[in-house]
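User: I'd like to go through a structure with you and ask how you arrive at each label. Could you put it on screen?

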Amino acid sequence: MIVPVYNAEAFLSKCIESLVGQTYPELEIIIVNDGSTDHSLKICEDYANKYCFIKIINKRNEGVSLARLEGVRMAAGQYISFVDADDWIERNYIERMMDELHDSDIILAGISRILVSENNRIVKEKNNMAAGIYKSEEELQLLFGKMLCYDVPFKPGVLPYACNKIYKKEMLIPWLEKIDKRINDGEDVAVIFPYLIHSKKIVLSDYCGYQYRIHQNSVCNKKREDAYRNASCLYLWLYDIFSASKHAGILLPQLRAYYLRMIWKRDPGIYMETNEFVFPFNKINKNSKIIIYGAGDVGRTYYIQAEQSGYCTVVAWADKNLEHPEGLDYALIKPEEIQREEFDYVIVSIRSEYICNQVHNYLVEMGIGQDKIILCDAGVEKVEDP
């Protein structure tokens, strides 16, 4: 059991008590103090002095992903499970989960949400995919086809939490080590879904023995100021992994929907724009130099996504109207000045399909190769030729 801890003194004792009281034998508990500034470390040390099977890692604050990695590296056992420091588990939680896991690569259970702001009301939340064992090619195809997006964009097929699961250590470590460290919201998703698509036998369970406390200071209740950058980093991390999978055809459409969900969750205003215009990450190479053609809604949205994701470099922004794009201080260039720039791609960012095609022809006449011209293909308005 790995418990990352950061300033959790108000809840930590209940969490640890639920772990030391487990009915499962030979349990190893590793508590990772991630630079807490309250009395969390003292609480951990008191329990470690009382129970020989509790180990403590004390480190500087670097975030939950690295805290989990340090804990997993220290673990002596073959199987790993995570518990957040403000949560707790039922007394027979590990024993029951291990019984259901059997010889599978992972088990994904449900949770019981404890809503502190509603007098500790309990809401059981289960995976939307049916409970059972998924191991045949057909069964895995069914699971992977709906794991991020079940029947509507904001409803995943499996619960995207790192807790309420048991993993194999040897399969888990590589993903914890490789994860893009810039991801600070969605770390669970960045590990769970790559792990799943590399699993050969998966168990989904309706058991809700994990008590998931939702309170004012919960991480899930905190809005990140860098929501757009974070969502883009998560998207690109999963895009590379999904693209290399034999299941890419069913994974990538779900990823786009999940990307939009991430943005909606943190910034509904930006979502309204991004919902129509997702930057064409899949059409250009990473670290490319690009020129954006068009400074309207599409161009503005593409610019923000490109800049905040760090995926490529915007070397110029062209438009016939040289006024600054709304809310952005960026000097535009005239279309005829494009050839003066050093670039890999021109991204034509215009709503109208007809005007997009006109711009495409104009760029070709300028001598720009068609392989360097990328047209907007989302949310375009189909306008009849005048």
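User: Which helix and strand each supply at least two residues of the lining of the second largest pocket?

Analyst: Happy to help, and please keep in mind that this is a predicted model. The two elements are β4 (79-80) and α4 (93-101). The pocket has a volume of about 310 Å³, and among the 17 residues lining it, Tyr-24, Glu-26, Leu-27, Gly-77 and Tyr-79 are the closest to its centre.

User: What makes Lys-42 and Asp-46 a salt bridge?

Analyst: A side-chain nitrogen of Lys or Arg has to be within 4 Å of a carboxyl oxygen of Asp or Glu. Lys-42 and Asp-46 have an N to O distance of 3.0 Å, so the pair meets that cut-off. Both belong to helix α2 (residues 40-50), where being four residues apart separates them by about one helical turn.

User: Why is Lys-246 called exposed?

Analyst: Exposed means over 50% relative accessible area, and Lys-246 has 68%, so the label fits. Its salt-bridge partner Glu-137 has 39% and is therefore partly exposed, as that class lies between 20% and 50%.

User: How do you know that the Glu-137 and Lys-246 pair ties together parts that are far along the sequence?

Analyst: Glu-137 lies in helix α5 (residues 137-144), while Lys-246 is in the loop between α8 (227-243) and α9 (248-266), so the parts they tie together are 109 residues apart in sequence. Their N to O distance is 3.4 Å, which also satisfies the 4 Å limit.

Conventions. Residues are numbered from 1 along each chain as its sequence is written. This is a predicted model: local features need pLDDT of at least 70, side-chain atom pairs count only at pLDDT 80 or more; totals for chains, interfaces and linings use all residues. Side-chain values use heavy atoms; hydrogens and water are left out. On a 1 Å grid over the protein atoms alone, a cavity is a set of points where a 1.4 Å probe fits but cannot get out, and a pocket is an open set with protein on both sides within 12 Å along at least five of seven lines; lining residues have an atom within 4 Å of a point. Grid points are joined across faces, edges and corners, and a volume is the space filled by probe spheres set on the points. Buried means under 20% relative accessible area, exposed over 50%, partly exposed in between (1.4 Å probe, protein chains only).
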